[in-house]
Amino acid sequence: MTDILMPKATAVWLVDNTSLSFDQIADFCGLHPLEVRGIADGDVARDIRGADPVVNGQLTREELDKAQNDENYRMKAVVSAHAELFKPAKKGPKYTPVSRRQDRPDAISWFVRNHPEVTDAQISKLLGTTKATIESVRNRTHWNSANIKPVDPVTLGLTSQMQLDELVKKAAEKKAKDDAKKGGGTLAPAGEAEAQPEEEEFTPEARERRGAEPTAESVFGSSEEG
């Protein structure tokens with residue numbers, strides 16, 4: 001089914017001026033059959049004026065006649081060249097102006113130094129560079145390594161602060177999840193730590209239980225004794 005302009009207005013006209021079934025009209029207009037029935041009953045689109053799809057160039061008379069002669073036939077809308085122009089274009093690879101391409105190694109170096117949790121794939125997508133370039137900057141095998149210095153990509157105009165913050169946040173969350181999965185050296189929560197036995201309070205009774213440990217009086221005698 002091809003998207004058409006003014007689907008409800010078109011459905012109103014088809015209900016009023018043709019013998020098409022509700023299913024046929026619904027399929028052509030991209031509506032639910034119950035919604036088309038509501039239009040026929042006057043409960044839906046009551047104030048909408050009908051639009052003739054043949055006059056508007058969205059349907060041929062031949063298609064309409066075929067559908068009226070066969071209730072199982074589904075009409076095909078005429079593809080408008082103007083409608084194609086308004087379709088959103090797919091995003092291509094990120095383009096970096098030539099004047100700023102020389103700044104990308106500096107931005108890569110900044111990521112390598114300050115955010116090692118950000119993957120090469122994420123850096124590549126954000127800056128419009130290649131993984132080979134990132135690796136050469138990291139290993140200092142880049143042809144211009146002597147002049148590369150870490151610079152914030154926002155300062156260089158290669159991205160916005162919002163995009164950078166979102167990228168760093170996602171990378172940090174992913175690293176935290178990966179570390180949790182490994183579970184190697186993670187610390188147990190404070191409340192789950194194994195309870196350590198408390199040291200027994202020293203009392204005379206406890207001393208007796210320990211076998212009457214020697215005291216100063218037992219060794220040197222009482223000061224009252226002569």
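These are my notebook entries on a predicted model of a protein.

**Entry 1. Overall make-up**

I started with the secondary structure and found twelve helices and zero strands in the protein. Read from the N terminus, the elements therefore run α-α-α-α-α-α-α-α-α-α-α-α. I then looked up burial: of the 226 residues, 29% are buried. The exposed surface comes to about 16500 Å², and carbon and sulfur atoms supply 51% of that area. For contacts I took residues at least 6 apart in sequence; 58% of these contacts join residues at least 24 apart.

**Entry 2. Helix α1 and the K8 pair**

I went to α1, which spans residues 7-17. Its buried residues are A9, T10, A11, V12, W13, L14 and V15. I asked what covers the buried residues of α1. The cover includes α2, α3 and α4, the last of these at residues 61-69.

Next I checked K8 and found its side chain in a salt bridge with that of E35, at 3.3 Å from N to O. E35 sits in helix α3 (residues 33-41) and K8 in helix α1, so the pair ties together parts that are 27 residues apart in sequence. I noted the accessibility of both partners. E35 has 24% relative accessibility, so it counts as partly exposed. K8 is partly exposed as well, because its relative accessible area is 33%.

**Entry 3. Helix α8 and its neighbours**

I looked at helix α8, residues 120-127, and listed I123, S124, L126 and L127 as buried there. Which helices do the buried residues of α8 pack against? They pack against α7 (104-114), α9 (131-138) and α10 (161-182). Just after α8 comes G128, which takes a positive phi of about 70°.

I took D120 as a separate case, since this residue is found in helix α8. Leaving aside residues up to four places away in sequence, D120 touches K131, I134, E135 and R138. I also compared D120 with A132: the two are twelve residues apart in sequence, and their C-alpha atoms are 9.3 Å apart in space.

One of those contacts is a salt bridge: the closest N and O atoms of R138 and D120 are 2.8 Å apart. R138 lies in helix α9 and D120 in helix α8, so this pair ties together parts that are 18 residues apart in sequence. R138 is partly exposed, because its relative accessibility is 34%. I followed the charges further and found D120, E135 and R138 linked in a network of salt bridges.

**Entry 4. S109 in helix α7**

I picked S109, which lies in helix α7. Is S109 buried or exposed? With a relative accessible area of 15%, S109 is buried, because the cut-off for buried is under 20%. Not counting residues up to four places away in sequence, S109 touches V137, I148, K149 and P150.

**Entry 5. Salt bridges and a pair within α10**

I looked up how many salt bridges there are in the model, and the count comes to seven. As background, side chains of opposite charge can pair when their charged atoms come close.

I then looked at D179 and K175, whose side chains meet in a salt bridge at 3.1 Å from N to O. What separates D179 and K175 along helix α10? They are four residues apart in that helix, which means a separation of about one helical turn. An α-helix has 3.6 residues a turn, so residues three or four places apart point the same way. D179 counts as partly exposed because its relative accessibility is 33%. K175 is likewise partly exposed, with a relative accessible area of 43%.

**Entry 6. A charged patch**

Last, I looked for charge on the surface and noted a negative patch formed by D23, D27, D70 and E71. D23 is placed in helix α2, residues 22-29. I checked its accessibility: at 42%, D23 counts as partly exposed. That value fits its place in the patch, because patch residues need over 30% relative accessible area and no salt bridge.

Key
Residues numbered from 1 in each chain as written. Predicted model: local features only at pLDDT ≥ 70, side-chain atom pairs only at ≥ 80, totals over all residues. Heavy atoms only, no water. Patch = residues over 30% accessible without salt bridge, like charges linked within 9 Å, V, L, I, M, F, W, Y side chains within 5 Å. Areas by Shrake-Rupley, 256 points an atom, 1.4 Å probe, with all protein chains shown as cover. Salt bridge = Lys/Arg side-chain N within 4 Å of Asp/Glu carboxyl O. Lys, Arg positive; Asp, Glu negative; His and termini not counted. Charge placed at Lys NZ, Arg CZ, Asp CG, Glu CD. Helix = DSSP H or I, 4+ residues; strand = E, 2+ residues; numbered from the N terminus. Buried < 20%, exposed > 50% of the residue type's maximum accessible area, 1.4 Å probe, protein only. Contact = heavy atoms within 4.5 Å.
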